[in-house]
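Please open the model in your viewer and keep the sequence panel beside it. The tour moves from one selection to the next and says at each stop what is to be found there.

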Amino acid sequence: MTVIERLKSNWKDKRNLCLAFALLTLASPPCLADPTDRETSLPAALNGELDYLLGFVGKNRLDPHRFDAARIGRLLDFVASPKDEARLYRAGERNGAASAYYESDLRRSLDHLLRLTYSNDIPSVFSAPSTVRTERWTTVDAPGQRLPELWAQPTAPDKPVVVTGMEHLVNSPDSHSGAYYEYDLYRTLLLTRVGGRKLLISLSSQTGESRVGRKGIIVGPDDNWDYLYTDQTGLNRTGLGWASTYMYGSQSVAFYLETETSPPKTRFGAFKWIRAGWAGINVVNSQHIFSGLRRFGDVFKRIAEHPRTDDTAILARNFRAVARLPQSRLKRLTQDYLAGLRKRCEEEGLLADGEVQALFRDGHYLDSLSREDMESILAIEYAKQILGKPHYVELADEFVQME
């Protein structure tokens with residue numbers, strides 16, 4: 001039975017049927033002249049190797065210490081191989097979830113990327129400001145519940161370094177629907193060597209249905225990373241504000257494979273599956289997933305390769321300074337940020353919307369933010385500052401004062 005037939009048989013309310021068609025439209029990027037329109041399915045053998053890897057993450061996972069890199073040889077060959085940029089590669093569906101593959105070559109060693117993205121002191125949002133609001137490991141199966149210093153761990157092909165745990169994530173507003181979601185992920189990291197090359201495999205699997213999607217607002221161009229988060233259920237689209245949508249499930253397999261060049265580079269390749277929509281119907285397709293991966297990957301590359309992220313020790317020190325800020329000072333800096341964002345909303349004509357106006361009235365939005373939310377805002381402001389982008393808060397004085 002097709003999706004439309006299911007809609008007709010299960011949904012008697014005309015409003016529901018209209019929503020379904022709207023969501024199907026929102027889930028697809030605009031029909032532009034994009035070379036990635038040429039979708040290509042991966043061979044079944046590669047899907048089998050992806051299944052093998054995903055067996056090491058989740059509630060009933062296999063023991064990751066038994067991981068054997070020889071079992072994913074063809075998959076690693078695919079990741080390392082040149083690609084036809086005119087194609088969108090996708091793996092098979094998993095539990096009804098569509099998939100897509102994205103890759104990027106980073107002019108950084110794997111050790112550097114590990115310091116940047118898996119440090120206990122550098123927040124994840126710093127290297128993913130376009131796609132993450134807040135992200136933290138809530139459980140780490142290691143001494144002290146802290147991520148080990150992966151860049152300092154010895155690696156051998158027969159003895160992978162393993163990290164498992166749980167992560168809590170709130171993503172940024174979707175660029176098509178405006179909704180944002182909050183959910184938990186099982187996580188597994190495998191650090192090893194293959195053919196003399198360092199390799200990190202990052203696995204994730206959503207624990208269950210997300211919290212209901214809430215309205216987010218992208219202020220100005222998405223590349224400004226200026227987002228507002230409301231507590232209102234629904235989509236930030238005219239006529240669809242009432243819709244209750246969910247992320248039903250997501251999984252990912254990401255590779256960080258270092259090259260043998262001097263200086264070394266790292267091939268980042270990621271497979272992702274997402275099932276999301278309304279009333280149990282998945283409205284996400286491969287192009288939508290690829291668009292989200294590229295939204296993350298392009299920004300990640302710019303931040304990771306920037307000269308001002310050369311010294312991750314300085315970054316870590318500065319973020320420790322932010323973590324030690326008194327609550328009153330942190331709130332004051334956030335207030336300065338919101339004053340700038342309100343002015344930007346006015347310039348974009350967003351204050352004509354009563355819901356947006358209400359966010360800024362009587363300090364309502366500021367009072368709704370947790371310390372984690374405020375620290376995340378400053379992390380994004382720091383990333384903007386490093387890249388020379390317009391920003392609302394200067395943090396240099398804070399870093400000097402806390403040295």
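Begin by selecting Ser127, which is buried, since its relative accessible area is 5% and the cut-off for that class is under 20%. Bear in mind throughout that this is a predicted model. Ser127 sits in the loop that runs between helix H5 (110-117) and strand E4 (132-140). If residues up to four places away in sequence are set aside, the residues that Ser127 touches are Thr117, Phe296, Phe300 and Ile303.

Two of these contacts, Phe296 and Phe300, make the next selection. Both belong to helix H6 (residues 286-305), where they are four residues apart, or about one turn of the helix, and both are buried. The structure holds 20 aromatic pairs. In the pair formed by Phe296 and Phe300, the ring centres are 5.3 Å apart and the planes lie at 15°, so the pair is stacked. Extend the selection to Tyr102, Tyr256, Phe268 and Phe290, which together with Phe296 and Phe300 form one aromatic cluster.

Move next to the peptide bond that leads from Ser262 to Pro263, which is cis, with omega near -5°. Pro263 has its place in the loop between strand E11 (246-258) and strand E12 (266-278). As background to this stop and to the two that follow, most residues other than glycine have a negative phi, and most peptide bonds are trans.

Which residue in the loop between E4 and strand E5 (161-171) should be selected now? Choose Gln145, which is found in that loop and which has a positive phi of about 55° although it is not a glycine. With a relative accessible area of 45%, Gln145 is partly exposed.

Asp362 also has a positive phi of about 55° without being a glycine. To find Asp362, follow the chain to the loop between helix H9 (354-360) and helix H10 (364-368). Is Asp362 buried or exposed? At a relative accessibility of 73%, Asp362 counts as exposed.

Return now to strand E5 and select Val162, which has its place in this strand. Val162 is buried, with a relative accessible area of 19%, a value to be read against the cut-off of under 20%. Add Asp63 to the view: Val162 and Asp63 are 99 residues apart in sequence, while their C-alpha atoms are 9.7 Å apart in space. Leaving aside its neighbours within four places in sequence, Val162 is in contact with Pro64, His65, Leu189 and Leu190.

For the last stop, display helix H8 (residues 327-347) together with helix H11 (residues 371-387), which pack at an angle of about 55° with their axes 10 Å apart. The two helices, H8 and H11, are therefore oblique to each other, and H8 passes H11 in a left-handed crossing. Which residues of H8 should be picked out to see where it meets H11? On the H8 side they are Gln327, Leu330, Lys331, Leu333, Thr334 and Tyr337, and on the H11 side they meet Arg371, Met374, Glu375, Ile377, Leu378, Glu381 and Lys384. Colouring this selection by residue class will separate the contact of H8 with H11 into six nonpolar, two polar and five charged residues.

Conventions:
Residues are numbered from 1 along each chain as its sequence is written. This is a predicted model: local features need pLDDT of at least 70, side-chain atom pairs count only at pLDDT 80 or more; totals for chains, interfaces and linings use all residues. Side-chain values use heavy atoms; hydrogens and water are left out. Axes are lines fitted to C-alpha atoms, for helices over the stretch in contact, and angles run from 0 to 180 degrees between N-to-C directions. Angles under 35 degrees count as roughly parallel, over 145 as roughly antiparallel, 65 to 115 as roughly perpendicular and the rest as oblique. A crossing is left-handed if the near helix is turned anticlockwise from the far one by less than a right angle, and right-handed if clockwise. Contact means heavy atoms within 4.5 Å. Ala, Val, Leu, Ile, Met, Phe, Trp, Tyr, Cys and Pro count as nonpolar, Asp, Glu, Lys and Arg as charged, and the others, Gly among them, as polar. Rings of Phe, Tyr and Trp (its six-membered ring) pair if their centres lie within 6.5 Å; planes under 30 degrees apart count as stacked, over 60 as edge-to-face and the rest as tilted. Buried means under 20% relative accessible area, exposed over 50%, partly exposed in between (1.4 Å probe, protein chains only).
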